[in-house]
Amino acid sequence: VKWNIDPQRLQLSSGLWQRRNYAGNVAVGGGDLQMTNLWQDPTGDGFGYTNALVWSRTARQRFGYWEARMKMADYEGVDNAFWMYSAPGLQHANLDIFEIDAVEAFTTPDNKWQVGVIDHDPEPNVVHSGTTNAGFDMAQAYTVVGMEWGTDNRVRFFRNGVQVFEVTPAQMNARRSMIPLSTILSTMQWTPSYVAAADGSQARVDWVRAYQKPGWVGGSGAAWTTAANWGPDGVPGAGRAAMFN
């Protein structure tokens, strides 16, 4: 996967330039990807934090399994995320776009941890998500978060190898477009004014793994019903997608 740093840009949200991604806030050190929230206030609107985001612009897929080993930025109100979203150029362009969040964690006293699928268009948003308490300080310990998107449109979410939430095929089928998604790692500081503890808060990523089963592997003219032509899972069953890579 070729990871790309989101270009320096501002995105207006709720009347403020809240989503400021700065390329300089992304670095590699100590074997980790480092994503930092910094107080810079480039527009002088009082919302002074800049954020960091990387994504797999050139590698997109639907179905499969993704996981990341992460340590969260250590300040209340920091939105740390490992997620999937519509590819650049497709967002808000006559598509029913959605996102899949393996983790959207706001570092708070109770370590709120949200997973799920969010439907962005048409409004109002339809959300199938769950919020849990991690049970430990996510800024002090690395955590493996994962999501499995099955060819039956079922999505399961995992924390340290344990399933914590599931979105059913019926809920996923309510979305019109099941397009391939880009994989994203990001951090964002929601605190609007300067706080010393938040300045320099950092999310760290040890590794990311992504798997996709091969689907159709047969040659030209091969029979659809031959199990060997479909890789290890055999012929797709009723209600499952047929993958052609």
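# Exercises on a predicted chain

The structure holds 14 aromatic pairs (rings of Phe, Tyr and Trp, its six-membered ring, with centres within 6.5 Å). The model is predicted: local features need pLDDT of at least 70, side-chain atom pairs count only at pLDDT 80 or more, and totals for chains, interfaces and linings use all residues. Residues are numbered from 1 along each chain as its sequence is written, and side-chain values use heavy atoms, with hydrogens and water left out.

## Exercise 1. Aromatic pairs

Task: classify the pair Tyr 65 and Phe 158, then place both residues in the chain.

Solution.
- Step 1. A pair of aromatic rings is described by the distance of the centres and the angle of the planes.
- Step 2. Recall the classes: planes under 30 degrees apart are stacked, over 60 edge-to-face, and the rest tilted.
- Step 3. The ring centres of Tyr 65 and Phe 158 are 6.1 Å apart and the planes stand at 65°, so the pair is edge-to-face.
- Step 4. This pair links distant parts of the chain: Tyr 65 is in strand β9 (residues 64–71), Phe 158 in strand β15 (residues 155–159), 93 residues apart. Strands here are DSSP runs of E, at least two residues; helices are runs of H or I, at least four; both are numbered from the N terminus.
- Step 5. Phe 158 has 16% relative accessibility, so it counts as buried. The classes are buried under 20% relative accessible area, exposed over 50%, and partly exposed in between (1.4 Å probe, protein chains only).

Task: do the same for Trp 83 and Tyr 85.

Solution.
- Step 1. The centres are 5.6 Å apart, with 50° between the planes; the pair is tilted.
- Step 2. Trp 83 is buried at 14% relative accessibility, and Tyr 85 is buried at 10%.

Task: which residues form one aromatic cluster?

Solution. Trp 216, Trp 224, Trp 230 and Phe 244 form it.

Task: what lies over the face of Trp 207?

Solution. Arg 209 does, at 4.1 Å from the ring centre. The criterion is NZ of Lys or CZ of Arg within 6 Å of the ring centre and within 35 degrees of the ring normal.

## Exercise 2. Nonpolar cores

Task: describe the largest nonpolar core and a second, separate one.

Solution.
- Step 1. Define a core: buried Ala, Val, Leu, Ile, Met, Phe, Trp, Tyr and Cys residues joined through side-chain atoms within 4.5 Å.
- Step 2. The largest has 37 residues. Met 70, Phe 82, Ile 100 and Trp 149 make the most contacts inside it.
- Step 3. Strand β11 (residues 98–106) gives the most to this core, five residues.
- Step 4. The second core has seven residues, including Leu 53, Trp 55, Ala 81 and Tyr 85.
- Step 5. For context: in soluble globular proteins, nonpolar side chains tend to be buried together.

## Exercise 3. A charged residue

Task: is Arg 20 buried or exposed, and which residues does it touch?

Solution.
- Step 1. Arg 20 lies in strand β3 (residues 16–21).
- Step 2. Its relative accessibility is 0%, so Arg 20 is buried.
- Step 3. Set aside neighbours within four places in sequence; contact means heavy atoms within 4.5 Å. Partners of Arg 20 then include Arg 9, Asp 41, Asp 45, Phe 47 and Tyr 49.

## Exercise 4. Positive phi

Task: which residues other than glycine have a positive phi, taking Phe 63 and Asn 160 as cases?

Solution.
- Step 1. Most residues other than glycine have a negative phi.
- Step 2. Phe 63 has a positive phi of about 70°. Phe 63 lies in the loop between β8 (52–61) and β9, and is buried at 3% relative accessibility.
- Step 3. Asn 160 has phi near 50°, also positive. Asn 160 is in the loop between β15 and β16 (162–167), and is partly exposed at 42%.

## Exercise 5. Whole chain

Task: how many helices and strands are there, and what share of residues is buried?

Solution.
- Step 1. The chain has one helix and 18 strands.
- Step 2. Of its 245 residues, 46% are buried.
- Step 3. Take contacts between residues at least 6 apart in sequence: 64% join residues at least 24 apart.
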